[in-house]
Amino acid sequence: MKNKIKNIGIILGVFSLIFLGCKDNIDPIVEKMDFSRVFSPLNLTAKIRNLTTAELNWDTKTDADSYVLEISEDSMAFTHIVKTLTVLPTQLPYSILLDGQTLYSARVKGLSKSGLADSKWSE
């Protein structure tokens, strides 16, 4: 009889620890995230349409109102920028007339009118 009471006490103790020890520490669901800058444009591609026309395209972001496109004649150093253009998302893909037989680099960053900081450059 002593063993039965002891076993029942142990079982009740274990079950009470299991049920009382479980708490729901679940963080609330995040439905909207606020960021301090515009997201960088992704998938920047350049296609040569003829000898002097290049067609540039990238994925647009909903938080960007316009984009700054810079064309440089040096290889990704961007010390000799030959053209700086403002491109709207509705103008994509954007065609640009360039000199033939010259190597160019391009980079793009997103701008916002709502007060967010500019995005980082995508090259």
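Which residue in β6 stands opposite Tyr67? The residue is Gly110, and this pairing offers a way into the structure. The model is predicted, so local features are described here where pLDDT is at least 70, side-chain atom pairs count only at pLDDT 80 or more, and totals for chains, interfaces and linings use all residues. Residues are numbered from 1 along each chain as its sequence is written, and side-chain values use heavy atoms, with hydrogens and water left out.

The protein contains 1 helix and 6 strands, where helices (H or I, at least four residues) and strands (E, at least two) are DSSP runs numbered from the N terminus. Along the sequence, these elements follow the pattern α-β-β-β-β-β-β. The overall dimensions come next. The C-alpha atoms fill a box of roughly 100 × 30 × 25 Å along the principal axes. The radius of gyration is 30 Å, whereas a compact globule of 123 residues would have a value near 14 Å; the radius is taken over C-alpha atoms, and the globule rule is 2.2 Å times the number of residues to the power 0.38. Of the 123 residues, 26% are buried. Here, buried means under 20% relative accessible area, exposed means over 50%, and partly exposed lies in between (1.4 Å probe, protein chains only).

Strand β3 is a useful place to begin. It is mostly covered, with 7 of its 7 residues buried. In a regular strand the side chains alternate between the two faces of the sheet. In β3, both faces are covered: Ser66, Val68, Glu70 and Ser72 are buried on one side, and Tyr67, Leu69 and Ile71 on the other. Strands of a sheet pair through backbone hydrogen bonds, either parallel or antiparallel. Two strands are said to pair if DSSP finds at least two bridges between them. β3 pairs with β6 in the antiparallel sense over 7 bridges, and with β4 in the antiparallel sense over 6 bridges. Tyr67 takes part in both pairings: Gly110 stands opposite Tyr67 in β6, and Val87 stands opposite Tyr67 in β4.

β3 also contributes to the largest nonpolar core, which has 15 residues. Such a core is a set of buried Ala, Val, Leu, Ile, Met, Phe, Trp, Tyr and Cys residues joined through side-chain atoms within 4.5 Å. The residues with the most contacts inside this core are Leu56, Trp58, Leu69, Ile71, Val87, Tyr94 and Ile96. At least two core residues are supplied by each of β2 (53-59), β3 (66-72), β5 (94-97) and β6 (105-111). Leu69 illustrates these surroundings: leaving aside residues up to four places away in sequence, its contacts (heavy atoms within 4.5 Å) include Leu56, Leu85, Val87, Tyr94 and Val108.

Arg107 lies in strand β6 and counts as buried, at 15% relative accessibility. Its side chain forms a polar contact of 2.7 Å with that of Glu70. A polar contact is a pair of N or O atoms within 3.5 Å; within protein, one must be able to donate a hydrogen and the other to accept it, and residues adjacent in sequence count only if both atoms are side-chain atoms. Among the other residues that Arg107 touches are Leu44, Phe78 and Trp121.

A further sheet is open and has 3 strands in the order β1-β2-β5, with antiparallel pairing. β1 (42-48) and β5 stand at the edges, each with a single partner strand, so one side of each is left without a neighbour in the sheet. The antiparallel strands β1 and β2 are joined by 5 bridges, and the bridge partner of Thr45 in β2 is Asn57.

Two backbone details deserve attention. Most residues other than glycine have a negative phi, and most peptide bonds are trans. Asn43, in strand β1, has a positive phi near 55 degrees; this residue is exposed, with a relative accessible area of 53%. A cis peptide bond joins Leu92 and Pro93, with omega about -5 degrees, and Pro93 is placed in the loop between β4 (81-87) and β5.

Finally, Ala117 is found in the segment after β6 and counts as partly exposed at 35% relative accessibility. Residues touched by Ala117, not counting those up to four places away in sequence, are Ser36, Arg37 and Val38. The C-alpha atoms of Ala117 and Asp99 are separated by 33 Å, although these residues are 18 residues apart along the chain.
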